[in-house]
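Biologist: Could you take one part of this model and walk me slowly through its surroundings? I am new to reading structures, so please go step by step.

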Amino acid sequence: MKDTRSYEIKKLLKKYYPNATFKVSINKYSMGESISVRTNAFKVNEVPDPRGYGYVIELSEQDQGNRDHITKLLRDYESVDRDQWGEILSGGNTYLRVETL
């Protein structure tokens with residue numbers, strides 16, 4: 001059976017962000033999988049870390065809102081099992097990552 005989640009995710013996101021570009025990839029491995037969504041629906045700015053440790057990422061209020069909205073829309077596609085102390089259990093987890101293009 002073919003995995004159609006990447007198409008479903010693109011269709012869902014295009015409904016809310018018709019002018020944005022979305023690239024969705026699903027990577028499966030022995031103990032789980034990850035879904036990576038890359039988009040231009042928000043922009044990040046890398047600025048030098050004032051502590052001198054490379055760069056930090058800044059988002060405008062609107063861009064942060066778009067990123068949070070996209071993550072909320074895709075919440076049902078992520079599944080991470082935890083034990084009673086909050087530790088992540090290995091095996092069968094699906095991680096979601098939303099990044100800029």
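**A close look at strand 2**

Modeller: Let us begin at one end of the strand, where Gly32 of strand 2 is the bridge partner of Tyr29, keeping in mind that the model is predicted. Strand 2 covers residues 32-39, and strand 1, with residues 22-29, pairs with strand 2 in the antiparallel sense over 8 bridges. With 2 residues between them, strand 1 and strand 2 form a hairpin. Further along this pairing, Val24 stands opposite Val37 in strand 2.

Strand 2 also pairs with strand 5, which is made of residues 93-100, and here the sense is parallel, again with 8 bridges. In this pairing, Ile35 stands opposite Leu96 of strand 5. As background, the strands of a sheet pair through backbone hydrogen bonds, and they can do so in a parallel or an antiparallel way.

Taken together, 3 strands form an open sheet in the order 1-2-5, with mixed pairing. Strand 1 and strand 5 stand at the edges and have a single partner strand each, so one side of each is left without a neighbour in the sheet. Neighbouring strands of this sheet are turned against each other by 15° on average, if direction is ignored. Helix 2 packs on the sheet, where it touches strand 1, strand 2 and strand 5, and its direction makes about 155° with that of strand 5. Helix 1 lies across strand 1, strand 2 and strand 5 as well, and it runs at about 150° to strand 1.

With these neighbours in place, we can ask how covered the strand is: 7 of the 8 residues of strand 2 are buried, so the strand is mostly covered, where buried means under 20% relative accessible area. Two residues of the strand, Ile35 and Val37, also belong to the largest nonpolar core, which has 16 residues, and they are listed with Ile9, Leu13, Phe22, Ile70 and Leu74 as those that touch the most other members. The elements that give two or more residues to this core are helix 1 (5-16), strand 1, strand 2, helix 2 (61-73) and strand 5. For one of these core residues, Ile70, the contacts beyond four places away in sequence are with Leu13, Tyr17, Phe22, Thr39, Ala41, Phe42 and Val98.

Key:
Residues numbered from 1 in each chain as written. Predicted model: local features only at pLDDT ≥ 70, side-chain atom pairs only at ≥ 80, totals over all residues. Heavy atoms only, no water. Buried < 20%, exposed > 50% of the residue type's maximum accessible area, 1.4 Å probe, protein only. Helix = DSSP H or I, 4+ residues; strand = E, 2+ residues; numbered from the N terminus. Pairing = 2+ DSSP bridges. Core = buried A, V, L, I, M, F, W, Y, C linked by side-chain atoms within 4.5 Å. Contact = heavy atoms within 4.5 Å. Axes fitted to C-alpha atoms, helices over the stretch in contact; angles between N-to-C directions.
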